[in-house]
Amino acid sequence: MKKVLLALSFLVVFGLQAMLAQTKNITGTVTDAGDGAPIPGVSVFVKGTTVGTVTRPDGVYTLAVPSEATTLVFSFVGMKAQEIAIEGKATIDVVLQSDAVDVAEVVVTGYSTRKKDVIASAMSTITTEEMKDMVPSTTIDNMLQGKAAGVDATALNGKPGNTATVKIRGAVSLNTKGGDRAQPLYVIDGVFLSEEDLNALNPNDIESMSVLKDAAGASIYGSRGANGVVVITTKQGRKGQEARISLSSRYGVGNKIDDPYDMMNAAQKIEYEEALGEASYTPEEKERMLGFDHDWQDDILKQAIIQSHSVSATGGGTNSTYFVSVGYDKNSGIVEHLDGFERYSGRLNYTSQLREKLSVGSNMSLSYSESDEPRDRYNAQNPFYAMYGYNPYTPVYNHDSEGNLILDDNGNPTYNPTNSGLPILEALEKNPEQERYFRMIGSVYATYDIMDGLSFKTQYSGTYIRFQREYYVEPGSILDGYVGDKSAPGSKDDRGRDTFNYSWLNQLTYQKTIDKHNFDVMLLTEYSKGSWYSYRLSSKGYASADLTTQENGSEATRATTSREEYSMFSLAAAANYDWDGKYLASASIRRDGASRFGTDEKYGIFWSGSLAWNMAREDFMSSAEFLDDLKVRVSYGTLGNWNIPNYASQGYYQFGSYIGQSAGIIRPNVANPELTWEEQVSTNFGVESSLFNGRISAAVDYFINTRTDFLFENPLSWEGGSYTQYTNAGKMTTNGLEMELNGDIIRTKDLRWSMGLNMTFIDYEVNELNGQDQIVIDGDNVLKEGEEPFAFYLPRYAGVNPNNGNAQYLDKEGNITETYSSGNKVILSGKSPLANLYGGVRTSVSYKGIDLAADFSFKSGNYTYNQMAFDMLSDGEGITSNQRADALNYWKKPGDKNVLPKPMTNANQSSDRFLQDASYIRFRNLTVGYTLPVKLVQKIKLNKVRIYAQAQNLHTWTNFEGDPEVSVGSGESQLGATQNFIPGAFTLYSYPATRSFMFGIDINF
């Protein structure tokens, strides 16, 4: 028996040794491609066997595999499974990709999501990965600058928190009233949002932006889509994923971009005044004045402190997902005594599979912002007007004859009234103005799968916005002495508005695949309603600068309220078809009924159709293995525009004064029952391709947009007791060519160098004005058949007569004259504020953990009237204010050339002398980052750490004498309900752009 046991023991030992000799250990780490985080619980097994294990919490695994094993399989819920050949390796690290279709492969279109390769419309998509290297901004529309073909984005001005003017394919409204900028429709997770409220969104929450540019993409939005559509999708969680925490923090400084000219210093200004005979100073006076020499920009401006912080968590269980974030942004701005812009934001996105066929979800965001407001007007209350106009020999504070500061009763220095009579630093301190916004934006939805391929979705979405503005003129302030009541000093103005908009969507979708035929059909109804309530309260007589609420005023001077509503009901259908991704077709139709239009024209029908052929899928192209896709597209359709006041078609009355007399009934708007939709017919031809497994991609589109029945506000006779009537009039054609090219120049394991270029060539022409010869807008711009819209309408400057120094002009016949006449205005063909070419260039390089990204934007063919140059090269007319240093280069003797006109000869007149080419190339952004090695950050229990430095607006190449990136010249002169606004028409003293330098860190754990 012992011999038997001994023999068995030898057999067991021998067997174990043999078994061990036939296995080997393989170890490694499994991480997430999205954020580099280790993934616990990943199944790792030998293909074709039951030999396997799972990764530990740190993503590490160890597995003894048979020697004959050839392949390991890695799988995890929500991730794409991978098979890796062993090939004698002892260490195999794996990066798992999300099982969701790559965001670069899918796009969110109108009311649906589709794979990019079966879309037959013109669109551009910007992903979260591309946005991380974009210009840091509190608003997402500013981040679009130079990023997509056909998209022209220009910041309103440099004020922190301000949005941008965005034009898709040259969308232009000939109605310039009320700040109508022909802006695109913004749709955030199915919620319609106005461009004014985009700064409620935290850019860190954005997953992707899809820009729908032609009728095939935008017509499903009907009357809202004529100016293009930007569909924004926020981040979502992932089923089966443990919580991932992300922290992003950025801190930096900003300063006003330097001017391309110098202002006069004290010595130069004194010389200028004396040379023109406007002053004669004694040596003692000069010495005293030179002792005060300073640059007012150093006193009025400061360095901005910029910071942005956000924390988010994303994950999901077996049947639910979530994404939650909070953010804080602060930009102190560059104006002394003002705190700039501050925002708090939060978001919660949630989905749940309640039953096998029933799922629900919600996307909710909150934000609260405060903004200190400098006056943006063309007078002494504007700090940017003041810093150029104040004389350099004028001190900030008053001094006595001995040079000592003059103090008030409280021992504080008293402000020098300056040449303007209103010291701006005192006004900024004692006349504060602040705006506050509270915004709720969200949607809730439920989807029920009725049967295989057929689903029903109902969604309720809405926005609630509370706006408040306070403006206080302290009692005893200098401005109060000008505009206040001496018997009741101090005044306060409060205004506010509550806005609530909602939409209810019901949608049926049917998707079916039969062999290689893929069908997608959608039917929907949508009801939208909006309402707002506003108030304005004013009072005077305040006993203390610290008592600022209305209840402390001794006398009310204003108390008004108003209310408005609108509604729209829509029916729509859309169908998409493709045969094996080779032959594509789509069509849509929508019928909108809106309360804004006349009783006879409340309904409009908008439709589109498109065809595409992906030649790369054809058998005869099979030999071109380098070609992924080669798609030819054509689309045609109609779109609408309904951007008019809510009661524009209706006649109504108000109580008020009539020609300065006692209160009576006035009629501000005359009814027009035939007022109907502005309509655009859009035609698009396009080609797009992808080569070398996505390494190179390109797209070229040619479009023709014809817009008719523009919505015009026509002024009517005041004596007739009426103000305006809205009518349909006019026709305009826009055509253009847009191109995009992106590619990886180098793509290896450790090194990647990518570049991208987009550019758009565009032409505009006004075709009809319903019998009117021309329409002049604010004197200097014109609408005329056969011309670009808003062509400049000015007398022509012909230089300086070298014999006598007089300014010369051209009369209407082109003859030179020294007599200025506004009657010699002519249309300057080819010169308008609209660019004929715009686009952007980007490049990025990454080597192991180091990354670098840079982007440029450019614009050409646009002209801007430089009113600032008019003021600061005033030929002596504005001598009481400071001038540019080159104002000294004026005519002094016969024969002088390349000089300014002889001063004090009435030469400073409005003409094309100051109409300047505003073309530019701007080095918009440079980012340098470093991602720490994974093994290093895991030692401190983190998944990924990236540090970076970022610079914005580094340099601008331009011949324009100032900042050429102009949208608003003067906000208080252009953006009011009754004011004209032509973006880029002129530059004044609006908030300037800044150059910023930031340092940031991104942490995932």
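Start with the whole chain in view: the protein has 1005 residues and a radius of gyration of 33 Å, which agrees with the value near 30 Å for a compact globule of that length. That radius is taken over C-alpha atoms, and the globule rule is 2.2 Å times the number of residues to the power 0.38. You are looking at a predicted model, in which local features need pLDDT of at least 70, side-chain atom pairs count only at pLDDT 80 or more, and totals for chains, interfaces and linings use all residues. As you make selections, note that residues are numbered from 1 along each chain as its sequence is written, and that side-chain values use heavy atoms, with hydrogens and water left out.

**The whole protein**

Stay zoomed out for a moment. Along its principal axes, the C-alpha trace spans about 130 × 70 × 65 Å. Switch to cartoon and you can look for 12 helices and 50 strands; these are DSSP runs numbered from the N terminus, with helices being H or I of at least four residues and strands E of at least two.

Now try a surface. The accessible surface comes to about 44500 Å², and 54% of it belongs to carbon and sulfur atoms; the areas come from the Shrake-Rupley method with a 1.4 Å probe. Of the 1005 residues, 52% count as buried, meaning under 20% relative accessible area, while exposed means over 50% and partly exposed in between (1.4 Å probe, protein chains only).

Contacts, meaning heavy atoms within 4.5 Å, come next. Among those with a separation of 6 or more, 68% join residues 24 or more positions apart.

**Stop one: Ser970**

Select Ser970, in the loop between β48 (944–958) and α12 (971–974). Its relative accessible area is 1%, so Ser970 is buried. Show the neighbours too: beyond four places in sequence, Ser970 touches Asp376, Arg377, Tyr378, Phe986 and Leu988. For a distance to check, a polar atom of the Ser970 side chain lies 3.3 Å from the backbone oxygen of Asp376.

**Stop two: Ser690**

Go next to strand β32 (residues 678–691) and pick out Ser690. Ser690 has a relative accessible area of 15%, and therefore counts as buried. Leaving out residues up to four places away in sequence, Ser690 touches Phe626, Leu627, Asp628, Asp629, Ile696 and Ser697.

**Stop three: the loop between α10 and β46**

Select Pro894, which lies in the loop between α10 (867–872) and β46 (915–917). With a relative accessible area of 60%, Pro894 is exposed. Pro894 is nonetheless in contact with Pro802 and Asn803, setting aside neighbours within four places in sequence. Add Gly805 to the selection: Gly805 and Pro894 are 89 residues apart along the chain, and their C-alpha atoms are separated by 7.4 Å.

Asn898 sits in the loop between α10 and β46 as well. Asn898 is exposed because its relative accessible area is 78%. Its backbone deserves a look: phi of Asn898 is near 55 degrees, a positive value in a residue other than glycine. Most residues other than glycine have a negative phi.

**Last stop: Arg169**

Finish at Arg169, in the loop between β12 (164–168) and β13 (185–188). Arg169 is not a glycine, yet has a positive phi of about 55 degrees. Is Arg169 buried or exposed? Arg169 is buried, since its relative accessible area is 1%.

Notes: Polar contact = N/O pair within 3.5 Å; in protein donor to acceptor, adjacent residues only side chain to side chain.
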